[in-house]
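Student: I'm new to this structure and would like a close look at just one part of it. Please pick a piece, and tell me how that piece sits among the rest.

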Amino acid sequence: MTRCRAARGMRALGAFAALAAALTGCASRGFVSSWQAPDAEPLHVQGSKVAAIVMMSSEPARRAAEDSLAREISARGAVGVPLYSVLPGSRPDDETAVRAAMEEAGVAGAVVMRPIGSRTEVSARPGAFAHPLYTRFWGGYYGFGWGSPWRGVGVSVADVRTDTIVSVETLVYSLRQNKLVWGGQSSSTNPASVDRLIEQTAARTAKELARRGLIER
């Protein structure tokens with residue numbers, strides 16, 4: 001299996017750092033759960049500043065991911081603003097400083113992403129039936145089968161696949177109301193890089209919000 005090249009941000013993905021060398025291919029499982037505020041109204045994001053926040057412990061990785069998320073937000077009519085650009089001299093976990101900086105910048109909403117877990121799945125596909133001994137009954141399997149009953153001979157594994165499943169929590173907040181509008185948890189299989197994972201998750205989020213009537217299609 002060809003290994004995908006991990007992006008620089010993946011090396012410092014906190015709990016996911018050990019996964020970087022193992023990530024291969026790229027597939028998505030979409031949202032495994034989601035929630036919408038019962039009284040949520042359509043978000044008027046056209047031209048509004050929306051903060052792109054990715055909660056990661058590594059500063060370089062966080063900045064790269066927030067840049068990706070901001071681009072996805074801007075592509076949908078809002079003005080995506082990476083959190084790091086709003087408060088370059090402050091720590092992202094200083095809530096008081098962050099709130100003051102975002103209010104001064106006139107940020108109206110926030111899209112927050114946070115990696116929340118990962119797991120490894122191993123699957124195997126039996127390959128015995130492709131063996132030449134299995135292709136014919138007479139002069140093949142019949143004699144072989146009687147010669148080795150219950151021994152497991154010939155039951156081999158042709159393909160063992162190891163997949164890494166990464167879960168990401170995505171939240172959409174209206175800062176004017178200080179209220180959660182929508183939240184979802186997505187699952188991706190073998191993401192090729194942090195940037196690609198953020199892009200895919202942001203695109204899925206926008207599609208889901210449009211489906212629910214929370215933003216314009």
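**A close look at helix H6**

Tutor: Let's take helix H6, which has 18 residues and reaches 26 Å from its first C-alpha to its last, close to the 26 Å expected at 1.5 Å a residue. One thing to keep in mind is that this is a predicted model. The mean pLDDT of the chain is 77, with 78% of residues at 70 or more. Residues 1-28 are where to be careful, since pLDDT stays under 50 there.

To place the helix, start with the whole chain. There are six helices and six strands, and along the sequence they follow the pattern β-β-α-β-α-α-β-α-α-β-β-α. H6 covers residues 194-211. Just after H6, Gly 213 takes a positive phi of about 80°.

Which residues of H6 are buried? The list is Val 194, Leu 197, Ile 198, Gln 200, Thr 201, Ala 202, Arg 204, Thr 205, Ala 206, Glu 208, Leu 209 and Ala 210. A useful rule for reading such a list is that an α-helix has 3.6 residues a turn, so residues three or four places apart point the same way. For the chain as a whole, 41% of the 217 residues count as buried.

Arg 196, also in H6, is not on that list: its relative accessibility is 39%, so this residue counts as partly exposed. Arg 196 also points us to another helix, as its C-alpha lies 8.4 Å from that of Ser 68, although the two are 128 residues apart in sequence.

Ser 68 is one of the buried residues of helix H1. H1 spans residues 59-74, and its 16 residues reach 22 Å from the first C-alpha to the last, close to the 22 Å expected at 1.5 Å a residue. Leu 69 and Ile 73 are among its other buried residues. At the start of H1, a side-chain oxygen of Ser 58 comes within 3.4 Å of the backbone nitrogen of Ala 61.

Now for the nonpolar interior. The largest nonpolar core has 27 residues, and those with the most contacts inside it are Val 54, Leu 69, Ile 73, Met 113 and Ile 198. At least two residues of this core come from each of E2 (49-54), H1, E4 (107-126), E5, E6 (179-189) and H6. Our helix, H6, gives the largest share, seven residues. A second, separate core of 13 residues includes Val 86, Leu 87, Met 102 and Val 112.

Met 113 is a good residue to click on next. Apart from neighbours within four places in sequence, its contacts include Ile 198, Thr 201 and Ala 202, which are buried residues of H6. Met 113 also touches Val 54, Leu 69 and Val 168, among others.

Two strands that supply this core, E5 and E6, are worth a last glance. Ile 165 is found in strand E5, residues 157-174, and it is buried, with a relative accessible area of 0%. The C-alpha atoms of Ile 165 and Thr 189 are separated by 4.6 Å, while the two residues are 24 apart along the chain. Across the chain, among contacts between residues at least 6 apart in sequence, 72% join residues at least 24 apart.

Note on methods. Residues are numbered from 1 along each chain as its sequence is written. Side-chain values use heavy atoms; hydrogens and water are left out. Helices (H or I, at least four residues) and strands (E, at least two) are DSSP runs, numbered from the N terminus. The expected span of a helix is 1.5 Å times one less than its number of residues. Buried means under 20% relative accessible area, exposed over 50%, partly exposed in between (1.4 Å probe, protein chains only). A polar contact is a pair of N or O atoms within 3.5 Å; within protein, one must be able to donate a hydrogen and the other to accept it, and residues adjacent in sequence count only if both atoms are side-chain atoms. Contact means heavy atoms within 4.5 Å. pLDDT is the predictor's confidence in each residue, from 0 to 100. A nonpolar core is a set of buried Ala, Val, Leu, Ile, Met, Phe, Trp, Tyr and Cys residues joined through side-chain atoms within 4.5 Å.
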